[in-house]
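Got the viewer open and a selection box ready? Let's take a walk through this one, stop by stop.

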Amino acid sequence: MLQPHANSILLNADDNVVIALQDIAAGASVSHVDAPLPGQVQRGHKIACKPIPAGGNVIRYGQIIGQAKADIQPGEHVHVHNLGMGDHSQDYQHAEASVPLDPATQERTFLGYRRQTGRAGTRNYIGILTSVNCSGSVAKFIAEAAEKSGLLDEFPNVDGIVPIVHGTGCGMSGKDEGYATLFRTLSGYAQHPNFAAILLIGLGCEVMQIADLVGDRKIRPDGDLRYMTIQQTGGTRKTIEAGLTELRALAELANKAERTPVPISEITVGMQCGGSDGYSGITANPALGIASDLLVRHGGTTILSETSEIYGAEHLLTRRAVSVDVGEKLIERVRWWEDYTARNGGEMDNNPSPGNKRGGLTTILEKSLGAAAKGGSAPLVDVYKFAEPVDKKGFVFMDSPGFDPCSVTGQIASGANIIVFTTGRGSVSGYMPTPCIKLATNSEMYGRMSEDMDINCGDIISDNVSLDAKGEEIFEMIIAVASGKHSKSEELGFGGVEFVPWQIGAVM
């Protein structure tokens, strides 16, 4: 708990910086610091509370977030001008701190859609999925024609028709890592339990062939999949007409679905942060970590991602791995990223973004330590590639970029039927067919953007609300949204442009 009227917070007794909880003027006294400020410091930014020599480690959360570029005295602002990345090396201690959580004593349920596959959906959409960018416009034309015709007026149990369009599927190799990643992504969406039915549209001559996606197996065991190519059907107008006919048949099937009580062990939450600030690792992220642990205790699944944004905190996750093999799978992904960024002329510390830095973050190590707090304390039961089906219950990691729409796309393809997204600067987005819950890290942003934010976590600072209480609030919101309550991003109509498959490899 915070001290009344404190203007800074010391997060760990070993830290040599504190975090400003408000804009602090030059010359002011600062909680935990035995020196007045030589200059103004904005809220969310770091202030030295101990002398730090040049080259010395700067410590936040009890962990190294970088090295001082020059001598830093107590009271000085610690930021990009005097804090750098330094060397990054960790002792991973695989599986040495994996402690199972006590299971919940009471079974909870939500009102979901139980599919024939055994999985459960939180929404009941029809998807128009495209194999290639060339069929994207036609997919949108079909959806627009269905809306104009009032097709869904006859089918009240269907939440809507969602065209899933993208900018790839051709001009690529048909046998490399990029192809495999896109194949997993499209297959994952085609089988997602939030889709009651799928219409799959291709052009016909693309690299990502409809025939390969469907194959000789049933991509949806319930049979609620129809597919066509524009070239074979006879062009744009004929494909729109054929698509409308198929949509009506699919809507009749989808309309039969009804919400029924389902154990919350069938909820899979993709956890994200974007537009992070200095409060993210203090308020919303650790509160989401508590909600994550609550869901895991009830047998549910939570997915942490954004490999480039756990860089510097991966050692905290490997220690929680259930086995050495699982820990090593995570480090294999980290090493892949180090090579990937190097061969593409990038570096792991090209993140935080300018907005993150204005909010008080400095190095990727600092950002990652705050981001990893979303994962709570549950054991790490497995590590998955981007869009790979998550087939285990509990807390897991899915490899992805830190680019939020892309990372969420992978999580949904892996099976997430709820997304929870923390933001300090004020991210706005949504991810049909999966509802997204937005958590504000600070009360000031929440006040400005309350129409976009579902929960204010800034009151952990402003009103001294406990992390446990906020975690419970998030947990209950997850159950409510899974049961049909609309999130703010759903009310605003987001989700039409946020399908962003990860493009790996040359565009040819």
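**Stop 1: a loop and a covered strand**

Start by selecting Thr168, which lies in the loop between strand 11 (160-164) and helix 2. Before you go on, know that this is a predicted model, with residues numbered from 1 along each chain as its sequence is written. Local features need pLDDT of at least 70 and side-chain atom pairs count only at pLDDT 80 or more, while totals for chains, interfaces and linings use all residues, and side-chain values use heavy atoms, with hydrogens and water left out. The helices (H or I, at least four residues) and strands (E, at least two) are DSSP runs, numbered from the N terminus.

Is Thr168 buried or exposed? Thr168 counts as buried because its relative accessibility is 7% (buried means under 20% relative accessible area, exposed over 50%, partly exposed in between, with a 1.4 Å probe and protein chains only). Show its contacts (heavy atoms within 4.5 Å): leaving aside residues up to four places away in sequence, Thr168 touches Ser131, Val132, Asn133, Leu182 and Gln503.

Now colour strand 11, where four of the five residues are buried. Strand 11 pairs with strand 10 (residues 125-130) in the parallel sense, over five bridges (two strands pair if DSSP finds at least two bridges between them). Click Ile128 to see Pro163 of strand 11 standing opposite.

**Stop 2: the three-stranded sheet**

Strands of a sheet pair through backbone hydrogen bonds, either parallel or antiparallel. For the antiparallel kind, select the open sheet of three strands with the order 4-5-7. Its edges are strand 4 (57-60) and strand 7 (83-84), each pairing on one side only.

Zoom in on strand 4 and strand 5 (residues 63-68), which are joined by four antiparallel bridges. Asn57 has Gln67 as its bridge partner in strand 5, and Val58 stands opposite Gly66. The two strands make a hairpin with two residues between them, and Tyr61 in the turn has a positive phi of about 60°.

Next, add helix 10 (residues 364-371), which lies across strand 4 and strand 5 and runs at about 165° to strand 5. Such angles run from 0 to 180 degrees between N-to-C directions, and the axes are lines fitted to C-alpha atoms, for helices over the stretch in contact.

**Stop 3: the seven-stranded sheet**

Which order do the strands take in the open sheet of seven? The order is 17-18-16-15-19-20-21, with parallel pairing. Strand 17 (380-384) and strand 21 (455-456) are the edge strands, and each pairs on one side only.

Helix 8 (residues 324-343) packs on this sheet, touching strand 17 and strand 18 (394-398), and its direction makes about 35° with that of strand 17. Select helix 11 (residues 404-414) too: it lies across strand 15, strand 16, strand 18 and strand 19 (418-423), at about 170° to strand 15. Inside the sheet, four bridges join strand 15 (residues 268-273) to strand 16 (residues 301-304), and one spot to click is Met271, whose bridge partner in strand 16 is Leu304.

**Stop 4: along helix 8**

Go back to helix 8, whose 20 residues reach 29 Å from first C-alpha to last, close to the 28 Å expected at 1.5 Å a residue (the expected span is 1.5 Å times one less than the number of residues). Its buried residues include Trp336, Trp337 and Tyr340. Among the elements covering the buried residues of helix 8 are helix 2 (177-190) and helix 7 (314-318). Just past helix 8 comes Gly345, with a positive phi near 75°.

**Stop 5: Pro263**

Select Pro263, in strand 14 (residues 260-263). Pro263 is partly exposed, with a relative accessible area of 26%. How far apart in space are Pro263 and Glu107, C-alpha to C-alpha? They are 7.1 Å apart in space, though 156 residues apart in sequence. Not counting residues up to four places away in sequence, Pro263 also touches Arg108, Thr109, Phe110 and Arg114, besides Glu107.
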